[in-house]
Amino acid sequence: MQYHKSVRLLNDLYCYIWSGMGNNCNTCVLTDVLKGDKPHVMIDPGHLTNEADEDCIGSLTEAMITDKVQMKDIGLIINTHSHPDHCQSVEEIVNLSGAAVTMSEEEDAFRTTVGERMYSMFGMKAPKFKPAFFLKEGDVKLGKDDFNLQVFLCPGHSPGSVCLYLPDSKVLITGDVVFYMSVGRTDFPGGSTSLLKHSIERISKLDVEFLVPGHNTEPNGVMRGRELIKRNFQAVRTFF
Ligand SMILES: [Zn+2]
């Protein structure tokens, strides 16, 4: 079964919008941005299987095949944070592709301690992997043509959450920091409402044309247009 809806947001950016019954995150794939024979970058691969017993990784693989993007050609997995619904399938994809993995150092420290207990709390096995490098605040140059990606450390939903910004196309990938008319939960271990507020304040200053949240709180998944996105930031800053 395919539960992901594919949205080709840019020539080299596919967003796989989750539309199953149970919980899973949206996944993004930047295609052909790395040098070498594994040129794709995946952001937040999501669950293996979710609480509704939906085959999330199978669905993602199917959706990607339709777009002629192969899981085995993933060279790098970026995790906005380490919660099971964003990160559970990392080990499986690494086994398949040999992809390198990255997240912030703060998130990795959380993942390997308290985070692992969250997996067992949900009755799941935590994926085993070791980040090849850590994401830091600032620019990341990705192989080909110096594809530019900016990392914003945005703690609050989890201790080392990051948001990713593509300055050339003005795309912001927020993980679970901000959604349409909503924000990430702060009641999980490592959450902090005051840090989340500060993080949202920071990213709300960016010039954003497309906002890809980690979960959908509106039917189409991706928020489009500066005005809508600005209004959304105003609303969440007022109400949360
Ligand atoms: Zn989360």
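Which elements do the buried residues of α1 pack against? Hold on to that question for a moment, everyone, while I introduce the protein.

What we have here is a predicted model. The secondary structure comes to six helices and 15 strands. The radius of gyration is 16 Å, close to the 18 Å that the globule rule gives for 240 residues, so the protein is as compact as a globular protein of that length. If you take the principal axes, the C-alpha atoms fill a box of roughly 45 × 40 × 35 Å. Of the 240 residues, 45% count as buried. And if we look at contacts with a separation of 6 or more, 64% of them are between residues 24 or more positions apart.

Now, back to the opening question. Helix α1 covers residues 56–66, and its buried residues are Cys56, Ile57, Ser59, Leu60, Ala63 and Met64. Looking down the helix axis, you would see these buried residues fall within an arc of 160°, so they line one face of α1. As a quick reminder, an α-helix has 3.6 residues a turn, so residues three or four places apart point the same way. What do the buried residues of α1 meet? They pack against four elements: β1 (4–10), β2 (13–18), β3 (27–30) and α3 (90–97). Turn to the face away from the buried side, and you find the exposed residues Ile65 and Thr66. Just after the helix, Lys68 takes a positive phi of about 60°.

Three of those packing partners are strands, so let's visit their sheet. The strands β1 to β7 form an open sheet of seven strands, in the order β1-β2-β3-β4-β5-β6-β7, with mixed pairing. At the edges are β1 and β7 (133–135), each of which pairs on one side only. On average, neighbouring strands of this sheet are turned by 25° against each other, direction ignored. Strands of a sheet pair through backbone hydrogen bonds, either parallel or antiparallel. For β2 and β3, the pairing is antiparallel, over four bridges. One place to look is Tyr16, whose bridge partner in β3 is Thr27.

Next, the helices on this sheet. Helix α3 lies across β5 (74–78) and β6 (100–104), and runs at about 160° to β5. Helix α4, residues 105–121, packs on the sheet too, touching β6 and β7, and its direction makes about 100° with that of β6.

Let's stop at Ala100, which lies in β6. Is Ala100 buried or partly exposed? Ala100 has 19 C-beta neighbours inside 10 Å, and a buried residue needs 20 or more, so Ala100 counts as partly exposed. Leaving out residues up to four places away in sequence, Ala100 touches Gly75, Leu76 and Ala132. With Ala132, the separation is 32 residues in sequence, yet 5.8 Å in space, C-alpha to C-alpha.

On to the second sheet I'd like to show you. This one is open as well, with six strands in the order β8-β9-β10-β11-β14-β15 and mixed pairing. Its edge strands are β8 (138–142) and β15 (223–224), each pairing on one side only. In the antiparallel sense, β10 (residues 162–166) pairs with β11 (residues 171–175) over three bridges. Within that pairing, Leu164 has Ile173 in β11 as its bridge partner.

You will hear both of those names again in the nonpolar core. The largest nonpolar core has 58 residues, and the ones touching the most other members are Cys28, Val41, Ile77, Cys163, Leu164 and Ile173. Which strand gives the most to this core? That is β2, with six residues. As for Ile77, its contacts beyond four places in sequence are Met42, Pro45, Val90, Ile93, Ala99 and Val101.

My last stop is Ile203, found in helix α5 (residues 193–203). With 18 other C-beta atoms within 10 Å, Ile203 is partly exposed. Not counting residues up to four places away in sequence, Ile203 touches Phe152, Cys154, Cys163, Leu172 and Val177. Cys163 in that list is one of the core residues I named a minute ago. Cys154 is 49 residues from Ile203 along the chain, and their C-alpha atoms are separated by 8.4 Å.

That's the tour. If you would like one picture to take away, go back to α1, with its buried residues packed against β1, β2, β3 and α3, and Ile65 and Thr66 exposed on the face turned away. Thanks for listening!

Note on methods: Residues are numbered from 1 along each chain as its sequence is written. This is a predicted model: local features need pLDDT of at least 70, side-chain atom pairs count only at pLDDT 80 or more; totals for chains, interfaces and linings use all residues. Two strands pair if DSSP finds at least two bridges between them. Helices (H or I, at least four residues) and strands (E, at least two) are DSSP runs, numbered from the N terminus. The radius of gyration is taken over C-alpha atoms; the globule rule is 2.2 Å times the number of residues to the power 0.38. A residue is buried if 20 or more other C-beta atoms lie within 10 Å of its own, exposed if 12 or fewer, and partly exposed in between; C-beta atoms are placed from the backbone. Two residues are in contact if their C-beta atoms, placed from the backbone, lie within 7 Å. The arc is that of the directions from the helix axis to the C-beta atoms. A nonpolar core is a set of buried Ala, Val, Leu, Ile, Met, Phe, Trp, Tyr and Cys residues joined through C-beta atoms within 7 Å. Axes are lines fitted to C-alpha atoms, for helices over the stretch in contact, and angles run from 0 to 180 degrees between N-to-C directions.
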